[in-house]
Every structure is written in structure tokens, then in C-alpha cells.
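Hello,

I hope your week is going well. Here is the structure I promised to pass on, with some notes on its sheets underneath.

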Amino acid sequence: MATLELYDVRKSFGATAVLHGVNLALNDGEMLVIVGASGCGKSTLLRLIAGLEVPTAGRIVLDGRDVARLDPAERDIAMVFQNYALYPHMSVFDNMAYALKIRGLSRDDIARRVGGTAEMLGLGPLLDRKPRQLSGGQRQRVAMGRAIVREPKLFLFDEPLSNLDAKLRVTMRAEIKRLQRRMGVTSLYVTHDQVEAMTLGDRLLVMHQGVPVQLATPMEVFERPATTYVAGFIGAPAMNLLPGVLCQGGMAVDLGRGMVIPFADGKRDGVDGRKLTIGIRPEHIVLDPAGMMLQIDLIEPLGSETVLIGRMDDGELLSVKVPGRAPAGEAIRVSFPAAMLHVFDAETGLRLG
Amino acid sequence: MKPHTDWLAHSILCTGVALFVLPLWLLLAGATQDGGAIARGELSFVPDLRNLGIFWSVLTDRAPGGSPVWRMMLVSAALALAIAFGKIVISFLSAYAVSFFRFPFRMLCFWTIFITLMLPVEVRIVPTYAVMANFGLINSFTGLAMPLIASATATLLFRQVFLMIPDELVEAARMDGAGPLRFLRDILLPLSAANMAALFVIVFVYGWNQYLWPLLVATDPKLDTIVIGIVKMIGGDTVTDWNRVMAAAVLALLPPVLVVVLMQKWFVKGLTEGDK
């Protein structure tokens with residue numbers, strides 16, 4: 001158990017800068033999920049913390065000690081890899097015991113700790129098997145066990161569920177969360193899956209092109225995305241982003257098509273005519289007989305709800321999520337509740353207010 | 001498959017087997033017959049079972065101009081084993097270096113090793129002899145074995161095996177606290193054991209069959225390998241005892257055959273299986 005702090009951590013591979021200065025502080029026992037599209041630098045960040053790469057600049061402080069230039073072995077960090085990386089020639093027991101053997105623990109200690117961890121993960125009957133005799137979920141569990149048995153200061157998870165099928169992924173997700181809570185080990189979890197990000201993290205770090213763009217609780221990220229990138233990345237289907245201009249002395253936005261919506265939460269800075277990007281989530285758009293006309297282009301029934309993708313009069317697409325079945329007809333009328341609007345600057349993409 | 005193609009395939013296979021086995025059978029049968037008869041060209045296909053004792057006598061008696069066959073076989077075995085183990089150890093370590101470590105001129109080292117593929121002992125025999133002579137290793141066992149040990153082929157084979165090992169496995173070992181030597185011993189060695197066994201079989205046979213280099217570098221009869229010994233039994237001043245030559249050849253065949261048969265399972269596994 002430990003705290004982790006990153007101070008302006010940068011990484012370049014040759015001339016290519018991958019991380020442009022990351023500052024971060026993890027509380028003891030916290031689970032932080034790093035989420036972002038592939039190539040955003042999230043895996044590199046994890047590998048820097050693990051010690052598999054050396055940062056170009058910056059400090060990585062684990063439990064008060066700068067570990068940025070230490071060997072992975074000296075950091076007391078355990079990592080769960082995407083493809084599990086189990087030693088194929090060792091039994092489950094030996095896989096889990098390997099790190100303990102290297103540290104010179106006695107036979108009895110090793111047997112006791114591996115036994116206890118295996119018990120906790122339901123791996124008891126599998127201890128003599130080789131990895132190739134295990135199913136995907138079991139291998140995943142062994143990979144977790146190998147990390148847990150070391151009782152490290154920090155857990156790192158590198159997309160550990162992406163090789164599992166959808167159903168197993170849900171089960172293992174819940175299990176990881178339960179285990180992490182129970183053990184109280186500070187953890188970093190990298191994923192590109194927003195459902196994993198939302199459900200697992202105490203806090204979320206959204207990364208984009210090597211820069212952390214928002215660090216907050218999952219609900220905060222969902223409710224108050226800091227930039228248009230975060231707004232579009234978190235939530236499915238993605239948030240609708242529409243161009244608009246500031247009007248009425250900063251009190252409302254003009255979305256064109258005769259739609260002028262007053263801000264529910266007060267005035268925005270700037271002169272009238274300032275270019276804005278307005279975000280609204282598909283599930284927040286309401287059916288309204290007096291609203292804007294939308295030609296239905298595509299209907300995606302999800303069972304409990306239905307996603308409608310419609311065309312506005314200028315041909316732009318808009319997605320709308322309605323509970324239950326799709327309404328009848330070729331077109332619907334919708335309106336945007338003022339309280340549900342997200343207002344961003346059109347040029348910088350930053351949230352306004 | 002249709003029955004008649006099956007039949008055809010089998011007859012082709014049988015012809016192949018016959019072509020392969022016939023000389024061996026002649027060797028075996030000839031060993032038990034009268035040397036004079038063979039010299040006159042009267043070689044029978046039927047072995048004379050009363051003369052099976054020839055093998056024992058060839059094995060233990062001093063051959064003309066040298067040591068008894070058992071001694072030559074011992075030299076051959078020692079040479080083949082030294083070459084096999086030496087090659088495996090050296091190639092394994094050099095492949096480990098070029099595959100897993102970043103050091104200056106790494107690729108230069110790799111290509112230098114690679115280029116020696118084009119320079120087998122036969123090509124560089126004169127300079128190699130000169131080097132061995134300067135080291136004072138002519139007529140020594142070390143001089144016999146050493147030039148045959150360095151091997152680009154084996155290094156390339158191991159490098160290929162190592163390239164198949166996923167990066168994450170290396171990283172997992174690093175996270176677990178395994179240093180380079182521990183990784184070599186605990187992870188790399190067991191994972192390449194099958195390939196090593198396959199290599200051992202190939203190299204043992206290669207070492208056993210060496211002729212040109214031993215002929216050149218070791219003139220001391222004490223260092224005669226069995227291959228050299230058989231050649232020495234032919235011709236020379238005395239009349240060739242063809243039956244004894246054939247018996248010696250049969251005996252010379254046994255160790256490589258034994259190695260191949262005993263290690264067959266591993267051999268096939270090492271060449272075909274990739275369970276990494």
C-alpha cells in the first residue's frame with residue numbers, strides 16, 4: 001500500500017514525444033483508471049511507472065521515494081499484462097511462486113502465500129496445471145494471482161480484460177473491483193473501454209495525444225466533461241456536438257434553425273457571436289411536438305432503449321436515445337432541455353462554466 | 001485417398017527404403033564373410049552367422065597402423081560431444097546477447113556472425129590451420145574440436161527461437177525481479193530445451209562424421225577418429241581386409257544411430273513445435 005506521485009513525467013522515443021508532461025497523485029488504496037484511444041500514451045505511462053521504460057524527464061515518486069531510474073525489480077510493483085504473460089513451462093503454482101522464490105522466501109512461506117492467494121481466487125484445484133491447460137478466464141486469474149501474491153505497493157493493469165469474451169469480461173471486471181477493494185492496494189488500470197473505465201475507477205484520467213485532459217471521478221467526467229474530446233469519448237452513443245454562437249449578451253446560445261436556448265446555469269463570458277460547440281447526450285434529447293424536425297435515418301433497438309440516428313434539415317446527423325421502442329413514423333420532433341447542455345469554446349474545445 | 005494411389009505411394013516408399021537399406025545390408029552381410037572373397041567381388045547377400053565374432057575382434061584388436069576401433073570410437077564420441085556441447089553453449093549465449101541486449105554495434109555483431117555462414121571449415125582450412133599452429137594446438141584434442149565449435153547456424157536458430165518469445169514474458173520476468181542470468185536459467189533455458197535437443201542431434205552427427213579437419217590437424221594416431229581409422233584400414237602397404245573394414249563401418253554407424261533414435265521424440269518436437 002502506498003501513494004504514487006508523478007511530477008511532469010515526459011517520454012520521447014527519438015524525436016517523437018509520446019508524453020508531454022504528466023502530473024498525477026494517487027491516494028493510498030485508490031484505483032485510478034487511465035482511459036484513452038490507442039496511441040494516447042496511456043500504456044507508455046504505465047510502462048514508465050512499472051520501470052519497463054525510462055522517462056525522458058520528470059519524477060515518479062512511490063511512497064516518498066523517487067523510483068524513476070530504478071530497475072523494475074527494485075520498485076515493488078506488480079503488473080498484469082494484456083496477454084497474461086504466464087511462464088508457459090511452469091505450473092500455476094510455480095508461476096505464482098516465481099517472484100517469491102527470487103526474493104528468497106522460505107519454502108513454507110511461499111507455499112502458504114501461494115496457497116492463500118489461490119484459495120481467494122478459486123485456483124486451488126488448478127495449481128499443478130500448466131498455463132496451456134487453462135481457459136482464458138483461468139489464465140487471467142493466474143495472472144492476477146501472480147501479482148497479488150507478491151503483496152506489492154502498487155498494482156498495474158494493462159488492459160487485462162481485452163483478450164476475454166464479452167460475458168467473461170463482465171464477470172472478471174466485477175471480480176477485479178471486489179479484489180482491489182478487499183486488498184486495498186493502490187492500483188492503476190489502463191483501458192480503452194469506457195465501460196471498464198466508468199465501473200472500475202475511483203477516479204478517471206482521460207488522456208489524449210500524450211496529455212492528460214481530465215482527472216475526476218467517473219460521474220464527474222460524465223456529467224461535466226472538461227473538453228469536447230472527453231465529451232465525445234465517454235458515453236455511448238457519443239455525445240452530439242453542434243456548432244452554435246453566443247447571443248443575448250452571453251445568456252443564450254443560437255444553434256441556428258431558429259433554436260435559441262437560454263443557458264440554465266447563467267451567463268458565459270464573451271461577446272455575442274463568439275463561436276461555441278454545444279454538446280448534448282443522446283439520452284438527454286426529448287421528444288417534443290413543438291421541437292425541431294428530425295428525419296429518421298437509422299434505428300438501433302437495444303432492447304430496453306432505442307437509439308435513433310436522424311438527419312437535421314442541413315443533413316447533419318444527430319443521435320437520440322429513447323426508452324423502450326422507437327416511435328412510429330419517418331420523422332420525429334425533438335428539443336434540447338436547457339439544463340442538459342454542455343458548452344465548449346469552439347476553438348480550444350475547453351468547457352465554459 | 002483412393003486405393004490405387006495409396007498402392008503407388010507405398011511402392012515408391014518401398015523402393016526408397018530398399019535403395020537406402022541395401023548398402024547397409026551389404027555392409028552388415030559383408031562384415032561376416034571372407035575378406036578375400038569380397039576382394040574378388042564375390043559378395044553374398046546372406047550373412048555368415050558363424051562369423052559374428054568379427055565385430056568383437058575388430059572392436060578390440062589393434063587395427064593396422066593405429067589403435068583399436070574402440071579407442072577410435074571413443075575419440076570420435078569425445079569429439080562429437082565436445083563439438084555439440086560447445087556449439088550449443090556458445091551459440092546459446094551469443095544469440096542471447098544479440099537478441100535481448102541493447103549494446104553498441106549489436107547488429108554489426110549479428111551480421112558478422114551471420115556472414116561466417118559462408119565460411120565453413122573447408123573454406124578457411126589453411127588460415128584456421130595456421131591459427132591453431134600458432135596456438136600450439138596441432139595434434140591436440142582442443143585443436144581438433146575448437147575450430148568446429150563456432151557456429152552461425154546454431155546462433156541463428158537460437159535467435160529465431162528467442163524472437164518467438166513474447167516481449168511481455170521478458171517484462172513479466174523483469175517485474176518479478178529476475179536478473180539476466182536468472183532469466184536465462186529459469187525462463188530461456190527451459191523454453192528452448194526442445195530446440196537444444198534437436199540441435200544436439202544434428203551437431204552430434206556432424207561432429208561424428210568430421211573427416212577433413214581431423215585428417216589435417218591430428219596426425220598422432222592417438223587422436224585418430226573412427227572415420228579416419230576406417231580410411232587408414234583401406235589400402236596402405238598390406239592387403240585390405242574388406243570384411244574388417246565393413247565391420248568397423250557397422251560399428252561406426254551405431255553411436256549416431258543410437259543418438260538419433262533415443263532423441264527422436266525431442267528432435268521432432270524441437271524442429272516442429274512452437275508452444276511459446
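One definition first: two strands are taken to pair if DSSP finds at least two bridges between them. Please keep in mind as you read that this is a predicted model.

With that in hand, let me begin with strands E12 and E13. Strand E12 of chain A covers residues 252-254 and is joined to E13(A) by 3 bridges, with the two strands running antiparallel. If you would like a pair to look at in your viewer, Ala252(A) has Pro262(A) as its bridge partner in E13(A).

These two strands belong to an open sheet of 5 strands in chain A, ordered E13-E12-E11-E14-E19, and the pairing is antiparallel. At its edges are strand E13 (260-262) and strand E19 (342-345) of chain A, each of which pairs on one side only. On average, neighbouring strands of this sheet are turned by 40° against each other, direction ignored.

Now to the other sheet. Chain A also has an open sheet of 4 strands, with antiparallel pairing and the order E2-E1-E4-E5. Strand E2 (16-26) and strand E5 (65-66) of chain A are the edge strands here, each pairing on one side only. Strand E1 of chain A, residues 4-13, pairs with E2(A) in the antiparallel sense over 8 bridges. Among the residues to find there is Arg10(A), whose bridge partner in E2(A) is His20(A).

Which strands does helix H1 of chain A lie across? Helix H1 (residues 42-50) lies across E1, E2 and strand E4 (57-62) of chain A, and runs at about 115° to E1(A).

Happy viewing, and best wishes

Notes: Residues are numbered from 1 along each chain as its sequence is written. Chains are lettered from A and ligands numbered from 1 in the order in which they are written. This is a predicted model: local features need pLDDT of at least 70, side-chain atom pairs count only at pLDDT 80 or more; totals for chains, interfaces and linings use all residues. Side-chain values use heavy atoms; hydrogens and water are left out. Axes are lines fitted to C-alpha atoms, for helices over the stretch in contact, and angles run from 0 to 180 degrees between N-to-C directions. Contact means heavy atoms within 4.5 Å.
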